[in-house]
Amino acid sequence: MSAVTSLTLDVTDAAQIRGAVEKVDSLDLLINNAGLQPFDDLSDRSVLERTLAINLLGPYDMIRAFLPLLTRSRGAVVNNVSLSALAPVPFAPAYSISKAAAFSLTRSLRVLLAGRGVRVHAVLAGPIDTEMTQDLDIPKTSPESVARAIFDGVEHGDEDILPDPLSTSVAESWRSGEAKALERQFAALAGL
């Protein structure tokens with residue numbers, strides 16, 4: 001029987017991350033879902049720095065901290081990186097920049113951790129009906145639907161999980177496109 005441990009913590013606080021690691025005896029799946037989406041115009045560097053700290057460095061620090069457990073279980077990492085990793089959202093450029101960087105981190109770790117038996121998945125979701133998007137008058141997908149699609153994607157071994165109607169509309173072109181082909185070519189250089 002599997003147990004799910006939900007940990008709420010500040011991913012920019014090293015002490016909280018260490019405390020979280022101490023609470024977990026074994027780990028099969030780490031889901032990095034923390035995120036910040038400011039509405040900005042890139043005029044304030046501190047907004048970009050804060051967004052990168054949460055959306056890029058937070059998952060990086062979580063993975064590093066939990067890597068011994070994931071290696072032991074030959075587990076998996078899921079990074080929620082968003083469709084805005086592929087195309088910038090005009091009213092949230094700091095978010096888009098951070099998610100593009102997080103997507104690159106995810107794909108880099110996918111290659112680097114494969115030798116340790118750890119799989120790394122990216123979730124490229126469109127708008128999800130959460131507090132982050134509550135003020136946006138756009139179609140949104142339920143969190144429950146996205147969660148089911150993420151678990152299905154991990155189970156099926158999908159490297160990039162496109163879990164909602166908007167992301168599904170670009171899934172085939174992404175998976176068969178030049179960027180994905182180049183990713184595979186670069187991975188082959190590492191013998192993977």
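In what follows, Lys and Arg count as positive and Asp and Glu as negative, while His and the chain ends are left uncounted. With that in hand, the predicted model can be read charge by charge: the protein chain carries 17 positive and 24 negative charges, and the mean positions of the two groups lie 8 Å apart.

The overall fold comes next. Six helices and four strands make up the elements of the protein chain, and from the N terminus they follow the order α-β-α-β-α-β-α-β-α-α. The radius of gyration is 16 Å, close to the 16 Å that the globule rule gives for 192 residues, so the chain is as compact as a globular protein of that length. Along the principal axes, the C-alpha atoms fill a box of roughly 45 × 40 × 35 Å. Among contacts with a separation of 6 or more, 67% join residues 24 or more positions apart.

It helps to look at the surface and the interior together. The chain exposes about 10,900 Å², and 55% of this is supplied by carbon and sulfur atoms. Buried residues account for 40% of the 192 residues. In soluble globular proteins, nonpolar side chains tend to be buried together.

The largest nonpolar core here holds 30 residues, and Phe66 and Leu124 touch the most other members. Two or more residues come from each of α1 (14-23), α2 (45-73), α3 (93-114), β3 (119-123) and α5 (165-175), with α2 giving the largest share, eight residues. Leaving aside residues up to four places away in sequence, Phe66 touches Leu7, Ala20, Val21, Val24, Leu27 and Leu30. Apart from this core lies another, of seven residues, including Val123, Ala125, Ile150 and Ile161.

Methods. Residues numbered from 1 in each chain as written. Predicted model: local features only at pLDDT ≥ 70, side-chain atom pairs only at ≥ 80, totals over all residues. Heavy atoms only, no water. Rg over C-alpha atoms; globule rule 2.2 N^0.38 Å. Buried < 20%, exposed > 50% of the residue type's maximum accessible area, 1.4 Å probe, protein only. Contact = heavy atoms within 4.5 Å. Areas by Shrake-Rupley, 256 points an atom, 1.4 Å probe, with all protein chains shown as cover. Charge placed at Lys NZ, Arg CZ, Asp CG, Glu CD. Core = buried A, V, L, I, M, F, W, Y, C linked by side-chain atoms within 4.5 Å.
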